[in-house]
Amino acid sequence: REALHCLPRNNEFLSAMAYLRIRQERYDEALTLCEQGTPNHPLILFYKALIASATGNPELALEIYESGGGKLAKKYPMSTYYRGNLLQQKGEIREALLAYSQAIHFNPKLAIAHNNRAYQLFKLGEYTQAEIDVRQSLDIDPENGPAWLTLAVILLQAEEAFYAEALEAGRKALSLGLPLEEIVSSLGRPL
């Protein structure tokens, strides 16, 4: 610990240290490190928002994400993905959809953003586009259990339900470690 006081206190160092504290769920220490950084530095803002969200303050997290603007999203697409998650939790489907689209714009290989955008499209009844998005997610990361589950849900709700393919997607989600209870709950019926 003594040696840490000798190291430079730039934003990258502070945010790296904050990240380690966040991973250890030592949020007060992480926030103290962030407070020592440049207030509007994108990485410092990103970690402050993560801390706010993890400590049960999603409104503050959204406010921090908003304050970072496009600079934060462009430099750290995951920040926009997390912002989308917070909006989704608030039930703001269209806003979440836009956030996931922005994350994909800045990082087209962000499989989880494709999956979450697919789920938002599904909620809006846009099944064809939802299926396209979730399949893009699976092209990027074929071992993504939640994406397989999203595909199964979408296939069951399409105009012409594709039961056999939905069943296989559900089984794939199960083989990738998703709990059976979550799969049954999402599909609304046993596999």
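Before you click anything, one definition: a helix axis here is a line fitted to C-alpha atoms over the stretch in contact, and the angle between two axes runs from 0 to 180 degrees, taken between N-to-C directions. Keep in mind, too, that you're looking at a predicted model.

**The whole chain**

Start with everything shown as a cartoon. You'll find eleven helices and zero strands, so to speak an α-α-α-α-α-α-α-α-α-α-α pattern when read along the sequence. Switch on a surface next: the accessible surface comes to about 10400 Å², and 52% of that belongs to carbon and sulfur atoms. Of the 191 residues, 43% count as buried. As for how the chain meets itself, take the contacts between residues at least 6 apart in sequence: 47% of these join residues at least 24 apart.

**Stop 1: the loop at Glu-25**

Select Glu-25, in the loop between helix H1 (11-23) and helix H2 (27-35). Is Glu-25 buried or exposed? Its relative accessibility is 59%, so Glu-25 counts as exposed. Check the backbone while you're there: phi of Glu-25 is near 60°, a positive value in a residue that isn't glycine. For background, most residues other than glycine have a negative phi.

**Stop 2: H2 against H3**

Step along to Glu-29, which sits in helix H2. With a relative accessible area of 32%, Glu-29 is partly exposed. Draw a C-alpha to C-alpha distance from Glu-29 to Met-17 and you get 9.3 Å, for two residues twelve apart in sequence.

Now add helix H3 (residues 42-54) to your selection. The axes of H2 and H3 come within 10 Å and cross at roughly 155°. An angle over 145 degrees counts as roughly antiparallel, and that makes H2 roughly antiparallel to H3. The crossing of these two helices is left-handed. To see who meets whom, show side chains for Tyr-27, Ala-30, Leu-31, Cys-34 and Glu-35 on H2, then for Ile-44, Tyr-47, Lys-48, Ile-51 and Ala-54 on H3. By class, that contact has eight nonpolar, no polar and two charged residues.

**Stop 3: Lys-109, on the way into H7**

Jump ahead to Lys-109, in the loop between helix H6 (93-106) and H7. Lys-109 has 64% relative accessibility and therefore counts as exposed. Now pick Ile-140 as well: it is 31 residues away along the chain, yet the two C-alpha atoms are separated by 6.3 Å.

**Stop 4: H7 and H8**

Select helix H7 (residues 111-123) together with helix H8 (residues 127-140). How are H7 and H8 angled to each other? They pack at about 165°, with their axes 8 Å apart, and are therefore roughly antiparallel. H7 passes H8 in a left-handed crossing. On the H7 side, the contact is made by Ala-111, His-114, Asn-115, Arg-117, Ala-118, Leu-121 and Phe-122; on the H8 side, look for Tyr-127, Gln-129, Ala-130, Asp-133, Val-134, Gln-136, Ser-137 and Ile-140. Sorted by class, that's eight nonpolar, five polar and two charged residues.

Zoom in on Asp-133, in helix H8. Asp-133 counts as buried because its relative accessibility is 0%. Leaving aside neighbours within four places in sequence, Asp-133 is in contact with His-114, Arg-117, Ala-118 and Leu-121.

**Stop 5: H7 and H9**

Keep H7 selected and swap H8 for helix H9, residues 145-157. The axes of H7 and H9 come within 10 Å and cross at roughly 20°, and the two helices are therefore roughly parallel. This crossing is left-handed. Light up Asn-115, Ala-118, Tyr-119 and Phe-122 in H7, which meet Pro-146, Ala-147, Thr-150, Val-153, Ile-154 and Gln-157 in H9. The class count here is seven nonpolar, three polar and no charged residues.

**Last stop: Pro-146**

Finish on Pro-146, within H9. At 40% relative accessibility, Pro-146 counts as partly exposed. Which residues does Pro-146 touch, not counting those up to four places away in sequence? Asn-115 and Leu-178. One more distance to draw: Pro-146 to Ala-173, 27 residues apart in sequence and 6.5 Å apart in space, C-alpha to C-alpha.

Notes: Residues are numbered from 1 along each chain as its sequence is written. This is a predicted model: local features need pLDDT of at least 70, side-chain atom pairs count only at pLDDT 80 or more; totals for chains, interfaces and linings use all residues. Side-chain values use heavy atoms; hydrogens and water are left out. Helices (H or I, at least four residues) and strands (E, at least two) are DSSP runs, numbered from the N terminus. Angles under 35 degrees count as roughly parallel, over 145 as roughly antiparallel, 65 to 115 as roughly perpendicular and the rest as oblique. A crossing is left-handed if the near helix is turned anticlockwise from the far one by less than a right angle, and right-handed if clockwise. Contact means heavy atoms within 4.5 Å. Ala, Val, Leu, Ile, Met, Phe, Trp, Tyr, Cys and Pro count as nonpolar, Asp, Glu, Lys and Arg as charged, and the others, Gly among them, as polar. Buried means under 20% relative accessible area, exposed over 50%, partly exposed in between (1.4 Å probe, protein chains only). Accessible areas come from the Shrake-Rupley method with a 1.4 Å probe; for residues, only the protein chains shown count as cover.
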